Amino acid sequence: MTPGPDTRLVALLGDPVDHSLSPRFQNAAIRAAGLDAVYLPLRCDGERFAGLFRGIAEAGGMGNITLPHKTRAVPLLDEATAAVRRTGACNTFWVAEERVHGDNTDVEGFARAARQLI
């Protein structure tokens, strides 16, 4: 599929991001689901993070946040899950009803892995 004006951006925001395998498996999942979206790693420094984050979200995009920006995202959210409030870190964002939402899926991912080891 060729991206067009209706293609939804799903971004990985961090610095660095070039090592991430996420674009490979996320784009495969997007294709398998038949979605008009593309997952792109976008390297950004701390100075530009807020503008890029809000710009993507306000344009209807969504994505993931990696180091060193997980804590920088929290004050930029309109709605934060309990996991974000507890940890002070956000690694996933999306827009719903014109509000930027954030979650921390690291917590559940770690808990699930730990339960399988016990």
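1. In which sense do strand 3 and strand 5 pair, and over how many bridges? In this predicted model, residues 62-65 (strand 3) and residues 92-96 (strand 5) pair in the antiparallel sense, over 2 bridges. Within this pairing, Gly 63 of strand 3 stands opposite Phe 93 in strand 5.

2. Strands 3 and 5 belong to an open sheet of 6 strands with mixed pairing. The strand order is 2-1-3-5-6-4. Its edges are strand 2 (37-43) and strand 4 (79-80), each of which pairs on one side only.

3. Helix 1, residues 22-33, packs on the sheet and touches strand 2 and strand 3. The direction of helix 1 makes about 165 degrees with that of strand 2.

4. Helix 2, residues 46-58, also packs on the sheet. Its contacts are with strand 1 (8-14), strand 2, strand 3, strand 5 and strand 6 (99-103). The angle between the direction of helix 2 and that of strand 1 is about 160 degrees.

5. On cysteines: the structure holds 0 disulfides. Cys 44 is in no disulfide, and the nearest cysteine sulfur to its own is that of Cys 90, 13 Å away. The two sulfurs are not bonded because 13 Å is too far for a bond; the cut-off for a disulfide is a sulfur pair within 2.5 Å.

6. Are these two cysteines buried or exposed? Cys 44 counts as buried because its relative accessibility is 6%, and Cys 90 counts as buried because its value is 0%. The limit applied for buried is under 20% relative accessible area.

How values were computed:
Residues are numbered from 1 along each chain as its sequence is written. This is a predicted model: local features need pLDDT of at least 70, side-chain atom pairs count only at pLDDT 80 or more; totals for chains, interfaces and linings use all residues. Side-chain values use heavy atoms; hydrogens and water are left out. Buried means under 20% relative accessible area, exposed over 50%, partly exposed in between (1.4 Å probe, protein chains only). Two strands pair if DSSP finds at least two bridges between them. Helices (H or I, at least four residues) and strands (E, at least two) are DSSP runs, numbered from the N terminus. Contact means heavy atoms within 4.5 Å. Axes are lines fitted to C-alpha atoms, for helices over the stretch in contact, and angles run from 0 to 180 degrees between N-to-C directions.
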